[in-house]
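User: I'm new to this one and would like to learn how to read it. Could you walk me through it step by step?

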Amino acid sequence: MLDRRKFMKTSSLAGTALCCGLVGLTSNCTAIQYLDATLEDQTMSVEKSQWTEGEFVLVRNPRLPAPIYLRKNDDNYTALLLECTHKQCEVRPGTQVLKCPCHGSEFSNSGQVLTGPAEKDLISFQTWHDQTHIHLR
Ligand code: FES
């Protein structure tokens with residue numbers, strides 16, 4: 001049986017997760033779009049037409065340990081695995097800085113470590129695109 005303190009803590013967390021999960025919000029309440037990637041021959045692909053808003057999207061695939069942060073820069077794309085290189089917590093996306101909620105590491109939006117304890121940059125993917133799709137490997 002939950003005591004009052006545990007119940008309040010659990011209810012509060014569930015409410016935040018539910019609210020953020022339903023409307024796709026980050027910790028600073030910016031809308032985030034999720035795209036599902038197909039995987040074929042070790043290449044993930046997302047349809048450009050599904051990317052309807054924002055400077056970045058999060059790419060999901062069941063085989064990934066964490067979402068991929070996909071950001072458009074002019075005519076190229078940056079793709080970073082949102083798995084912290086310190087102890088593998090899921091890093092929270094942002095337009096400029098990506099933050100790890102576990103021990104406070106921060107990464108630039110191109111994946112470089114800005115603040116430890118992480119010492120290695122985020123894993124990045126090679127990207128290329130055609131008329132209809134963005135591909136990641
Ligand atoms: S797991 Fe990210 S800072 Fe420790």
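Analyst: Sure, and keep in mind that this is a predicted model. Let's start with burial: a residue is buried if 20 or more other C-beta atoms lie within 10 Å of its own, exposed if 12 or fewer, and partly exposed in between.

User: Okay, how does Asn-61 count on that scale, buried, partly exposed or exposed?

Analyst: Asn-61 has 15 C-beta neighbours inside 10 Å, so this residue counts as partly exposed. You'll find Asn-61 in the loop between strand S4 (56–60) and strand S5 (68–73).

User: Which residues is Asn-61 in contact with, leaving aside its neighbours within four places in sequence?

Analyst: Those are Ala-37, Leu-39 and Met-44. Also look at Asp-36: its C-alpha atom is 6.1 Å from that of Asn-61, with their positions 25 residues apart along the chain.

User: Let's try another loop residue. Is Gln-42 buried or exposed?

Analyst: Gln-42 has 7 other C-beta atoms within 10 Å, so Gln-42 is exposed. This residue sits in the loop between S2 and S3. Its C-alpha atom is 8.7 Å from that of Leu-136, although the two are 94 residues apart along the chain.

User: What is there to see in the hairpin of S2 and S3?

Analyst: Two residues lie between the strands, and Asp-41 takes a positive phi near 50°. Strand S2 (residues 38–40) and S3 pair antiparallel over three bridges, and Thr-38 has Ser-45 in S3 as its bridge partner.

User: Which strand is joined to S3 by four bridges?

Analyst: That's strand S12 (residues 133–136), and S3 and S12 run antiparallel. Here Ser-45 stands opposite His-135 in S12.

User: How do I read the two faces of a strand?

Analyst: The general idea is that in a regular strand the side chains alternate between the two faces of the sheet. Now take strand S3 (residues 43–47): Met-44 and Val-46 are on the covered face, while Thr-43, Ser-45 and Glu-47 are on the uncovered one.

User: In what order do the strands of the open sheet with S7 come?

Analyst: The order of the three strands is S7-S8-S9, with antiparallel pairing. Strand S7 (97–99) and strand S9 (113–115) each have a single partner strand, so one side of each is left without a neighbour in the sheet. On average, neighbouring strands of this sheet are turned by 35° against each other, direction ignored.

User: How many bridges join S7 to S8?

Analyst: Three bridges join S7 to strand S8 (residues 106–108). To find your way there, look for Leu-98, which stands opposite Phe-107 in S8.

How values were computed:
Residues numbered from 1 in each chain as written. Predicted model: local features only at pLDDT ≥ 70, side-chain atom pairs only at ≥ 80, totals over all residues. Pairing = 2+ DSSP bridges. Axes fitted to C-alpha atoms, helices over the stretch in contact; angles between N-to-C directions. Contact = placed C-beta atoms within 7 Å.
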